[in-house]
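Visitor: I'd like to go through this one label by label, asking what each word rests on. Can we start with how helices cross?

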Amino acid sequence: MTPQSTFMITATVRVGQLKNLRALLASMNKVPGHADPGNSLIPFSRFDRLHFARFVIIEANTTHEIKEFGVRPRPWRPTLAFLGDIDGDTHAFLAELADHADSGLRKIFSHCEDFSEENQNLLGWMNEHNINPKANYVNWIGRTVKQIHEEAALHQSLSAYLQKIVDDVGRENIRTLRQKLLSYVEMEKYQGRLTLSPPEPTLTEWKVRNLLHKVGVPLTLLLLSPLLLVIAPFFALRLRMLERSDPELFIRPDYKHIEELSAQEDWDVSNQYSVFGDVKPGLFRLLTFKFILMLTDWFARHVYNRGFLARIKTIHFARWVFMDNNHRVFFASNYDGSHESYMDDFINKVGWGLNLVFSNAVGYPTTKWIIKEGAQREHAFKYTQRRHQIPTEVWYKAYPGLTAVDLARNSRIRQGVEIRQSNDAEIREWLSLI
Amino acid sequence: MRKSSDFEFDDLQGLLHFGYGKLTDTCFMLLNIANVDAAKRWLDKAPVSRAIKTNPPPDTALQIAFSVQGLKKLGVSESIINGFSDEFIYGMTRNENCSRRLGDIGRNAPKYWKWGNNSAEMPHILLLLYAKKGGLEAWRRTVEDEHFSQAFQLLRHLPTSDMGRIEPFGFEDGISQPTIDWTCRQSTDLHERDRYSNLLAVGEMVLGYRNEYGQYTARPLIDPRKDRYATGLPNAEDDPTLKDFSRNGTYLVLRQLDQNVPGFWQFLDKVSGSVPEKREQLAASMVGRERNGTPLIAEHIPGISRKDHGNHFTYDLDPTGNHCPISAHIRRSNPRTGDLPPGVTGFISRLIKILGFGQKPEEDLVASSRFHRLLRRGRSYGPILAPEDAVKLDAPVAEHGLQFICLVANISRQFEFVQNAWTMSSKFSGLQQERDPLLGNREPLMSGESTDHFNHPEPSGPMQKTCNLPQFITVHGGGYFFMPGLRALKYISALPANGSDHSS
């Protein structure tokens, strides 16, 4: 199994270079915000381990909101972030990037401070400027880009063939149908038109680290539980105090801002989302935020790694990153459907989870006991998440047209090819997927 | 809890409460305001029908709604306008993204529309006249008095015709409607509404009341100290120091949908080998109902007799769509889902569901329906063409269609969501390559994937696939209007000639 990892290279944009950088990034696009997969700067489709990638210019458009807490906004300069989700190791991927997109990357990063287009060690610089997320979510750990493409081709091919033979063989003749489909796959594989590569062996080092994390976090919490129990009433008291006193910001986002964001949306069945804001002031909020994200990360790695994040089955990848010395937080996700349905899904299905994570950020609607209300204050929530959203200059998805549910179905179809169903009901179910 | 009689029905336009089904003759007009003063004089006296029940029921009705351009023209202040939602202010064709989401691409693209394709030039007023059979001419003469002809310019007369309860394809229509909870007897709490209920909070349809989130939908509120004309408006329920311009009003969504009736039946006839029973079956599975309105559902819904099934059922017993395909028009437009997937029996099972466990991959993909309901008030147009005649290649050529009207308090969460995530999405509930079999455009995805299939899941295994569906319905126009309460209508008609200065 090949586990997934992330990269996020960030650097401050040079004074006066913002406009040029925007124009350069826009030149990579086919339609607004969507990369041409073969663009000359970074030909994304050449990288067969890359799931998603994006360039964002992180600007603190909402930084003044913290004034409501009686805190002076911290200075922030526009920062370029290049982030992606990949199969396998980050450093190996960055090396591959530096090899195949050297001049394009140099051209882009030359708009950033402390990077000069010539005589700079690109790979070293990228490694230095790479930041790790505090929490990361992968829809299906171990499912590679290669696998996704192979399984999509399998589904397509089976679907066309089944359509062709179903009337001759007869719908009820399920065992014959299956036999014919399986022989067809064998034939197609033999002809080189289909490939179903077996999974790569899992690296022992990853297995060990994963196990340590899986056991380590609960164990530490268990060991600390007496202490946590003592803290709990004080935590609850302080939390309710803050929840009552934190100002609620009910600010409608500017329509121009919404236009700019939506111009990039709904070209494909999936969309991107980048949001940036301030952590609420005070150590209490920061520690709570970090604690919740640590738990989120643990659950994402060890529990929600098979196609669903609680009731949500539409997120491909998501990550939370602390920036500016823990004063700000950046969230990025790749999701299926349009923005409005993404948000409605969230409010109705996992409002509690959203409240847990984001109630520690400035502008989030008032929560009660950290999981109640919050997102259910519909307008306040929808306003704040749009207000804090920032446009993504360039976005790449390696499998346009496919939703996370599609990917899961394709994997089940493949499974049915490789593992024989034991009874008729299972055969029928498999056939109904195709 | 309050009694139904306590509700301010006398401040609501009647369409929120009645469908005026007995008033079979209708005249829908798009107007521009030619003379503002004359328009206000007419508005002041206009016999707008209220939502109160009368005995005997009325012989006529008049309803009125304004586009944002109309409100501006009449002098409604910028601050009130800005209190409306972006969707209303900027319109149905506000940008390309909106058109992509609503499926208004390809042949549906606004550039081909007969009206409404330019938000800035939206007709100012939508006037809906209803009368009993044969009474329309007289009613028009009453409504269109001397002020009227001076005040307005008729831009377009939207065709309508009396087709009974049958829509042009030949199916009984208008069966699924929410019941509005005028007396607030149902809780809106997220933790008390696991299962689907047809009863809906007033605030989902009428502005100024609590919606299904227990919240007040964003709306224009007025500080009466700054606007002396506002004293006659109702108070804002959540802040009595403010006046609520929108209270008892609603957004009215209008879409003119052209239905290719011969095209629909001839295609079905072709793919079912001209076998009438097969053709009917396929048509019914696309709609989700038989022609007489009987829904295609598993027979046994506990506690409800089969003849009451019309609007009293869910798809809980048919998760895979063997009875009613997932893609069927009525299943897409109202999936009848609750807040939680079926199977919650106690605390533990509830927790398991909330945390997302114990679900099959294709289960629980659809949002809770109660946040996405529409109160439909459309009327069909065109001559009646029976399916048996429509299949003939020499079927008479005529325009058929639907003046689709729905009333909602939140255009984006209700109408646009249903249109985008449910009817137009080729990935609705995990489906493959299919949009709404009736309503959908057939434009391929950006990846090239086709969307012109209709799949009927079969218990035997392989899906019954119908491919290369032509587009049966084409959008010919559309717009968002605001249908104010009666007091707000009075406020508008009393505005001073120079609308920019309301302060005393």
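Guide: Sure, and one definition comes first: a crossing counts as left-handed if the near helix is turned anticlockwise from the far one by less than a right angle, and as right-handed if clockwise. Keep in mind that this is a predicted model.

Visitor: Which hand does the crossing of α10(A) and α13(B) have, left or right?

Guide: The crossing of α10(A) and α13(B) is left-handed, so by that rule the near helix is turned anticlockwise from the far one.

Visitor: Why are α10(A) and α13(B) called roughly perpendicular to each other?

Guide: Helix α10 (residues 339-358) of chain A packs against α13(B) at about 110°, and their axes are 10 Å apart. Angles of 65 to 115 degrees count as roughly perpendicular, and therefore α10(A) and α13(B) get that label.

Visitor: What makes α10(A) and α13(B) a contact, residue by residue?

Guide: The test is C-beta atoms, placed from the backbone, within 7 Å. On the α10(A) side you have Glu340(A), Ser341(A) and Asp344(A). They meet Ser412(B), Arg413(B), Glu416(B), Phe417(B), Asn420(B) and Ala421(B) in α13(B). Sorted by class, that contact has two nonpolar, three polar and four charged residues.

Visitor: How many residues does each chain bring to the contact between chains A and B?

Guide: Chain B brings 39 residues and chain A brings 45. On chain B, the elements that each supply at least two residues are α4 (86-90), α5 (96-102), α13 (412-424), β14 (454-458) and β15 (461-466). With six residues, α13(B) gives the most to that side. The class split for the chain B side is 16 nonpolar, eleven polar and twelve charged residues.

Visitor: How do you know that β14(B) and β15(B) pair?

Guide: Pairing needs at least two bridges. β14(B) and β15(B) have four, in the antiparallel sense, so they qualify. Glu458(B) stands opposite Gly461(B) in β15(B), and the two strands form a hairpin with two residues between them.

Visitor: What about β8(B) and β9(B): how many bridges do they have?

Guide: Two, again antiparallel, with strand β9 covering residues 239-244 of chain B. The cut-off is at least two, so this pair counts as well. Asn235(B) stands opposite Lys243(B) in β9(B).

Visitor: Why do β7(B) and β8(B) stand at the edges?

Guide: The open sheet has three strands in the order β7-β9-β8 (chain B), with antiparallel pairing. β7 (221-222) and β8 (235-236) of chain B each have a single partner strand, so one side of each has no neighbour in the sheet.

Visitor: Back to helices. What makes α8(B) oblique to α9(B)?

Guide: Helix α8 (residues 261-271) and helix α9 (residues 276-287) of chain B cross at roughly 120°, with axes coming within 9 Å. Roughly perpendicular stops at 115 and roughly antiparallel needs over 145, so α8(B) is oblique to α9(B). The crossing of α8(B) with α9(B) is right-handed. Leu268(B), Asp269(B) and Val271(B) in α8(B) meet Arg279(B), Leu282(B) and Ala283(B) in α9(B). By class, that contact has four nonpolar, no polar and two charged residues.

Visitor: Last one: what are the domains of chain A, and how far apart are their C-alpha centres?

Guide: Domain 1 is 4-142 + 202-397, and domain 2 is 145-198 + 403-433. Their C-alpha centres lie 37 Å apart. The contact between them takes 15 residues from domain 1 and seven from domain 2.

Definitions and conventions: Residues numbered from 1 in each chain as written. Chains lettered and ligands numbered in written order. Predicted model: local features only at pLDDT ≥ 70, side-chain atom pairs only at ≥ 80, totals over all residues. Contact = placed C-beta atoms within 7 Å. Nonpolar A, V, L, I, M, F, W, Y, C, P; charged D, E, K, R; others polar. Domains from an automatic or database assignment. Axes fitted to C-alpha atoms, helices over the stretch in contact; angles between N-to-C directions. Parallel < 35°, antiparallel > 145°, perpendicular 65-115°, else oblique.
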